[in-house]
Amino acid sequence: MKLGSLKNGRDGRLVVVSRDLAWCADATHIAPTLQAALDDWDRIAPQLELLATDLAHEAIPMMRFHERSAAAPLPRAYQWADGSAYVNHVQLVRQARGADMPESFWTDPLMYQGASDQMMGARDPIPLADEAWGCDLEAEVVVVTDDVPQGATSTQALGRIRLVGLINDVSLRNLIPAELAKGFGFVQSKPGSALSPVFVTPDELGDRWRRGKLHGALNVDLNGEPLGRADAGEDMTFDFGVLVAHVAKTRPLGAGSIIGSGTISNRDADGGPGKPVARGGRGYSCLAEVRTVETILDGTASTPFLKHGDTVRIWMDDDDGHPLFGTIEQTVVPA
């Protein structure tokens, strides 16, 4: 089952979307918003499944699903916590600046609490007030939970995942060092993030969803050129069960919590830093990693961060070559 939200007020209007993302059916007679559905998932989900079946058989009124008209599936989320499940990415960044990586990073996930009061739609522009802030994209996988009890094990947490999707977790890289130097977390350096046009139930993903990981190439283009083709299921040190349990260690999670994987990052076949797509590698899911590899190999970074007018495209294809979650496509514009 694929679920989305059409733009309508602050929280959108819930629709069930066809597998090919071409059509949708209004679901507000079942639940007005996706958050309302998640609040009562065990009762609401079977009704939405029946609606999805009727949509597939064209047995109900339906309308065209336009990704450009869609809001984020959860325009306002009660919680957005982003992990760093691909330790290869962390290791490269620390190597570039000559810092050792603690052994605990391989056993205890890094995670930060992000802003989720205004999640961007997949085709919304990225507003950037100052190019000197170092605007970067970060292509990631996210999951959405229903209620998760405090102290849930990773297995229990995995069972509370209801939806899977993608996110462009925008970062302002040049603001990060000063914020971290204060000894607290990100605030100004983490602006709004954009969600994929639809979220998908795990059963819809088939074998792509196994052992708490989404498998398949996460495609990233920058200005029409391939930047990344990393496989989201490879080199993922912490699966989503572990990530959700990490957040729930000291507090319960409310329905509608979004948990991110962190930037997708693959090692090269020889175990070294990944190679660019143009050189036969899987490329990169953020510009910071491109710059990191350049620093390691050449002593300095040469790739610039995003500028006004740059366009980012993020998607994952199904087995037939069609986007599973729709496409995140954003252009950087002056704020």
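1. Two strands are taken as paired if DSSP finds at least two bridges between them. In this predicted model, strand β17 meets that condition with β20 (residues 311–315): the two run antiparallel and are joined by four bridges. One residue pair at this contact is Asp221, whose bridge partner in β20 is Arg313.

2. Strands β17 and β20 belong to an open sheet of five strands, ordered β8-β21-β20-β17-β18, and the pairing in this sheet is mixed. The edges are β8 (126–128) and β18; each has a single partner strand, so one side of each is left without a neighbour in the sheet. Averaged over neighbouring strands and with direction ignored, the turn of one strand against the next is 20 degrees.

3. The loop between β17 (217–222) and β18 holds Asn223. Most residues other than glycine have a negative phi. Asn223 is not a glycine, yet its phi is positive, at about 55 degrees. Its relative accessibility is 42%, so Asn223 counts as partly exposed.

4. Asp235 is a second residue to check on the backbone: its phi is near 60 degrees, a positive value in a residue other than glycine. Asp235 sits in the loop between β18 and α6. With a relative accessible area of 25%, Asp235 is partly exposed.

5. The loop that holds Asp235 also contains Glu234, whose side chain meets that of Arg282 in a salt bridge with an N to O distance of 2.6 Å. Glu234 is in the loop between β18 (225–231) and α6 (240–247), and Arg282 is in the loop between β19 (257–260) and α7 (287–298), so the salt bridge ties together parts 48 residues apart in sequence. Both ends are partly exposed: Arg282 has 35% relative accessibility, and Glu234 has 34%.

6. Where does the salt bridge between Lys190 and Glu138 lie, buried or exposed? Lys190 is buried, and Glu138 is buried as well. The closest N and O atoms of this pair are 2.9 Å apart. The pair links distant parts of the chain, with Lys190 in the loop between α5 (176–181) and β13 (194–195) and Glu138 in the loop between β9 (135–136) and β10 (139–145), 52 residues apart. Lys190 and Glu138 are also members of a network of salt bridges that includes Asp136, Asp169 and Arg173. For the model, the count of salt bridges comes to 19.

7. Strand β10 is mostly covered, with seven of its seven residues buried. Burial applies to both faces: Ala139, Val141, Val143 and Thr145 are on one side, and Glu140, Val142 and Val144 are on the other. The strand has antiparallel pairings with β11, over seven bridges, and with β19, over three bridges. Val142 takes part in both, standing opposite Gly165 in β11 and having Gly260 as its bridge partner in β19.

8. Helix α2 (residues 41–56) has 16 residues, which at 1.5 Å a residue should span 22 Å; the end C-alpha atoms are 21 Å apart, which agrees. Which residues of α2 are buried? They are Trp41, Ile44, Ala45, Leu48, Leu51, Ala52 and Leu55. Seen down the axis of α2, these buried residues fall within an arc of 125 degrees, so they line one face of the helix. The face turned away from the buried side carries the exposed residues Asp42 and Leu50.

9. The cover over the buried residues of α2 includes strands β1 (2–6), β2 (13–17), β3 (23–26) and β11 (161–168), together with helix α1 (34–39). Strand β11 thus appears in two places in this note, as part of the cover of α2 and as a pairing partner of β10.

10. Two further details concern the surroundings of α2. Asp40 forms a salt bridge with Arg43, and their closest N and O atoms are 2.5 Å apart. Asp40 is partly exposed, at a relative accessible area of 29%. After the helix comes Glu58, whose phi is positive, near 55 degrees.

Notes
Residues numbered from 1 in each chain as written. Predicted model: local features only at pLDDT ≥ 70, side-chain atom pairs only at ≥ 80, totals over all residues. Heavy atoms only, no water. Expected span 1.5 Å × (residues − 1). Buried < 20%, exposed > 50% of the residue type's maximum accessible area, 1.4 Å probe, protein only. Arc of directions from axis to C-beta. Contact = heavy atoms within 4.5 Å. Salt bridge = Lys/Arg side-chain N within 4 Å of Asp/Glu carboxyl O. Axes fitted to C-alpha atoms, helices over the stretch in contact; angles between N-to-C directions.
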